[in-house]
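The following exercises concern one protein model and are each followed by a worked solution. Please inspect the sequence and the structure before reading on.

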Amino acid sequence: MSELEVEAVEDLDAPSVAAGTAEYVLYGGKGGVGKTTMAAATGLASATDGTPTLVVSTDPAHSLSDTYGVDVPNRPGRLREDVPLWGVEIDPDEAMERAGAMGLGGEEGAGAGPMGGLGDLLGGAGGESANPLGGPMPGADEAAAMQLLVEYLDDDRFERVVVDTAPTGHTLRLLELPELMDSMMGRMLKFREKMGGMMDSMKGMFGAGDDAGADAGTAGVEEVCERVTRLRAVLTDPARTDFRIVTVPEGMSVVEATRLRERLAEFDIPVSTVVVNKVMEPLVDVVPEIPPETFVSPNLDECEFCQRRWDVQQDALAEAHDLFRGHDVKRVPLLAEEVRGPDALRVVAACLA
């Protein structure tokens with residue numbers, strides 16, 4: 001950013017309202033729409049207000065470090081000394097290893113692989129035979145990441161947790177884990193009952209290969225289901241959680257956002273805010289207190305390309321306002337430079353206010 005732009009950003013009022021009052025703020029949507037940018041901006045705004053804030057990335061393709069311009073660790077670490085801001089990029093593989101070292105039930109022994117007995121069932125270390133086709137069982141990485149997410153939500157060090165969720169499909173699979181595990185466990189136990197003595201030749205499928213291992217596996221499934229249930233309870237409480245969908249002003253992206261809202265409604269997760277990112281309009285139209293001459297804006301008068309893109313975006317914006325009637329629709333203009341570092345993030349936070 002230029003010196004003029006930096007001075008304009010420094011004159012902005014405190015952008016803490018970008019975080020609202022919720023304990024948990026989650027950004028969801030398809031890949032590439034700017035969820036990380038919104039989460040990073042919201043987290044910085046919250047911390048700037050003096051609220052101890054943790055920003056969590058559950059997206060396997062992490063970019064939180066690039067956005068903040070600092071290395072974000074795979075366990076909560078402080079990112080700035082001047083404001084109470086922490087960050088973490090969850091590594092699913094490391095999460096499974098950590099869960100295995102801890103034991104899901106807090107004890108080592110039978111079935112104490114990644115996530116206790118559940119680790120063996122999902123194909124963790126020493127338990128790949130749990131999947132007849134080889135490799136981890138579906139949902140293993142989501143289960144491990146979810147376990148850590150619940151842990152961070154309960155961490156007393158943070159008054160607010162901002163989550164940059166994985167793309168839509170990953171997020172929904174995480175929420176579907178209890179049904180997935182109920183179905184998977186039920187089938188495996190029925191199979192075990194039918195096969196009877198033949199199960200002795202299939203050691204490893206249930207952890208230790210005996211009744212103790214099977215019990216550990218069952219306990220592991222029940223523990224993870226309980227954690228997801230707790231997570232759902234948090235997500236469905238509008239007094240504690242603010243789930244925000246991020247999209248861009250293109251017809252297909254807006255339709256995808258509506259589908260996500262509908263799927264979230266199936267889990268009783270309310271969506272309060274929709275953020276439309278990368279809108280080709282002057283920044284001053286959204287944040288009037290920024291002097292118009294300080295930021296480069298699209299030339300809609302002389303640039304034919306800009307004008308055509310703006311026409312397309314206007315149609316998508318109208319559709320978004322129509323489909324999300326009753327929601328708070330925020331617009332974040334397309335900036336000339338990539339959003340990196342605190343100054344650019346403060347501009348985005350002002351747009352979210």
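A residue is called buried under 20% relative accessible area, exposed over 50%, and partly exposed in between, with a 1.4 Å probe and protein chains only. The model is a predicted one, in which local features need pLDDT of at least 70 and side-chain atom pairs count only at pLDDT 80 or more, while totals for chains, interfaces and linings use all residues. Residues are numbered from 1 along each chain as its sequence is written, and side-chain values use heavy atoms, with hydrogens and water left out.

**Exercise 1.** Classify Pro167 by its accessibility and describe its surroundings.

Solution. Step one is the location: Pro167 belongs to the loop between E5 and helix H7 (168–175); helices (H or I, at least four residues) and strands (E, at least two) are DSSP runs, numbered from the N terminus. Step two is the class: the relative accessibility of Pro167 is 23%, so this residue is partly exposed. Step three concerns contacts, meaning heavy atoms within 4.5 Å. With neighbours within four places in sequence left aside, Pro167 touches Gly29, Gly31, Lys35 and Asp59. Finally, the C-alpha atoms of Pro167 and Val33 are 9.6 Å apart, although their positions lie 134 residues apart along the chain.

**Exercise 2.** Determine whether Ser57 and Leu44 are buried or exposed, and list their contacts.

Solution. Begin with Ser57, which is part of strand E2 (residues 53–57). Its relative accessible area is 0%, so Ser57 is buried. Beyond four places in sequence, Ser57 is in contact with His62, Leu64, Val88, Glu89, Ile90 and Asp164. Turn next to Leu44 in helix H2. A relative accessible area of 2% means that Leu44 is buried. Under the same sequence exclusion, within four places, the contacts of Leu44 include Tyr68, Arg80, Val83 and Leu85, as well as Pro342, Leu345 and Arg346. For the chain as a whole, buried residues make up 54% of the 353 residues.

**Exercise 3.** Which geometry does the aromatic pair of Trp86 and Phe158 have?

Solution. Rings of Phe, Tyr and Trp (its six-membered ring) pair if their centres lie within 6.5 Å; planes under 30 degrees apart count as stacked, over 60 as edge-to-face and the rest as tilted. A search of the whole structure yields 1 aromatic pair. The ring centres of Trp86 and Phe158 are 5.4 Å apart and the planes stand at 65°, so the pair is edge-to-face. It links distant parts of the chain, 72 residues apart: Trp86 is in strand E4 (residues 85–89), and Phe158 in the loop between helix H6 (140–153) and strand E5 (160–164). Trp86 and Phe158 are both buried. As a last step, consider Arg78, whose charged end sits over the ring of Trp86 at 4.9 Å from its centre; this requires NZ of Lys or CZ of Arg within 6 Å of the ring centre and within 35 degrees of the ring normal.

**Exercise 4.** State how the contacts of the protein chain are distributed over sequence separation, and how many helices and strands the chain has.

Solution. Count the elements: the protein chain has 12 helices and 8 strands. Then take the contacts between residues at least 6 apart in sequence; 74% of these join residues at least 24 apart.
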